[in-house]
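This report describes a protein model residue by residue and strand by strand. The sequence and the structure are shown first, and the description follows.

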Amino acid sequence: MSTINHDGVEYCLTRSNAWFVYKCTDKRLTRVEIPDFIHGKPVIAIGQMAFRHHPHLEEVYLPETVTEIAQHSFASCNCLKKVMCSAREIHVATGAFYGCSELTHFITQAFSSIDAEAFWCCHNLCAMHTQITHLDSHA
């Protein structure tokens, strides 16, 4: 498996020749801006548990190439307040933001598919700007 570390975040290359975020290697980061391309190949997803339990992360910016936020990608990121997505279509998997108690804004112009418990225990979520195409009954 081919990997690369870019600005405190480790990426893995998929069989389809695209990158996904594997894990955050710098736990001091407060803001992460995922690039749309690395070495000419698109970054298409945030992997399972990639930022889980990150102690300081407050803001995340995702490019239009990222169309998948996998299970528990940002679970229990207690300082996370704002997520901005540029994709035209995005899938938010089960528990992606589970327990992000400080999350107030999830902003995207995308058509979103949101799975069960994706925003479970996000009690401060006050602004969700999206066009939802699928919303699980327990999202």
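## Thr65 and its loop

The model is a predicted one. Thr65 lies in the loop that connects β7 (59-62) with β8 (68-69). Its relative accessible area is 16%, below the 20% limit, so Thr65 counts as buried. Leaving aside residues up to four places away in sequence, Thr65 is in contact with Pro35, Asp36, Phe37, Pro42, Val43 and Ile44.

## Parallel strand pairing

Strand β7 pairs with β4 (residues 31-33) in the parallel sense, through three bridges. In this pairing, Glu33 is opposite Tyr61 of β7. Strand β7 is also parallel to β9 (residues 82-85), and four bridges connect the two. Here Val60 has Val83 of β9 as its bridge partner, and Glu59 is opposite Lys82 of β9.

Strand β9 in turn runs parallel to β11, to which it is joined by four bridges. Val83 stands opposite Phe106 of β11. In a regular strand, side chains alternate between the two faces of the sheet. The side chains of β9 do alternate: Val83 and Cys85 are buried and point to one face, whereas Lys82 and Met84 point to the other face and are not buried.

## Tyr11 in strand β2

Tyr11 belongs to strand β2 (residues 9-13). With a relative accessibility of 1%, Tyr11 is classed as buried. Although Tyr11 and Lys23 are twelve residues apart along the chain, their C-alpha atoms are separated by 7.2 Å.

Residues up to four places away in sequence are again left out of the contacts of Tyr11. On the N-terminal side in numbering, Tyr11 touches Ser2, Thr3, Ile4 and His6. The remaining partners of Tyr11 are Trp19, Phe20, Val21, Tyr22, Ile34, Pro35, Ile38 and Val43. Pro35 and Val43 are also among the contacts of Thr65.

## Aromatic pairs

How many aromatic pairs does the model contain? The count is five. One of these joins Phe74 and Phe97, whose ring centres are 5.2 Å apart and whose planes meet at 0°, so the pair is stacked. Phe74 is in the loop between β8 and β9, and Phe97 is in the loop between β10 (89-92) and β11 (105-114), so this pair ties together parts of the chain that are 23 residues apart in sequence. Phe74 is buried, at 0% relative accessibility, and Phe97 is likewise buried, at 0%.

The rings of Phe106 and Phe119 have centres 5.2 Å apart and planes at 70°, so this pair is edge-to-face. Phe106 is in strand β11, while Phe119 is in the loop between β11 and β12 (127-135); the pair links distant parts of the chain, 13 residues apart. Both Phe106 and Phe119 are buried. Ring pairs connect Phe51, Phe74, Phe97, Phe106 and Phe119 into a cluster.

## The nonpolar core

In soluble globular proteins, nonpolar side chains tend to be buried together. The largest nonpolar core of this model comprises 36 residues. Those with the most contacts inside the core are Ile34, Ile46, Phe51, Ile69, Phe74, Leu80 and Phe97. At least two residues of this core come from each of β2, β3 (19-24), β6 (41-46), β7, β9, β10 and β11.

Phe74 illustrates the packing around one of these residues. Apart from residues up to four places away in sequence, Phe74 touches Ile46, Phe51, Leu57, Val60, Ile69, Leu80, Ala96, Phe97 and Cys100. Of these contacts, Val60 is the bridge partner of Val83 in β9, and Phe97 is the stacked partner of Phe74.

## Cysteines

A disulfide is a covalent bond between the sulfur atoms of two cysteines. The structure contains zero disulfides. Why does Cys12 form no bond to the closest cysteine sulfur? That sulfur, in Cys24, is 14 Å from the sulfur of Cys12, which is too far for a bond. Cys12 is buried, with a relative accessible area of 0%.

Cys77 is also in no disulfide; its nearest cysteine sulfur belongs to Cys100 and is 5.1 Å away, whereas a disulfide requires sulfur atoms within 2.5 Å. Cys77 is buried as well, at 0% relative accessibility. Cys100 is one of the residues that Phe74 touches.

Note on methods. Residues are numbered from 1 along each chain as its sequence is written. This is a predicted model: local features need pLDDT of at least 70, side-chain atom pairs count only at pLDDT 80 or more; totals for chains, interfaces and linings use all residues. Side-chain values use heavy atoms; hydrogens and water are left out. Buried means under 20% relative accessible area, exposed over 50%, partly exposed in between (1.4 Å probe, protein chains only). Contact means heavy atoms within 4.5 Å. Two strands pair if DSSP finds at least two bridges between them. Rings of Phe, Tyr and Trp (its six-membered ring) pair if their centres lie within 6.5 Å; planes under 30 degrees apart count as stacked, over 60 as edge-to-face and the rest as tilted. A nonpolar core is a set of buried Ala, Val, Leu, Ile, Met, Phe, Trp, Tyr and Cys residues joined through side-chain atoms within 4.5 Å.
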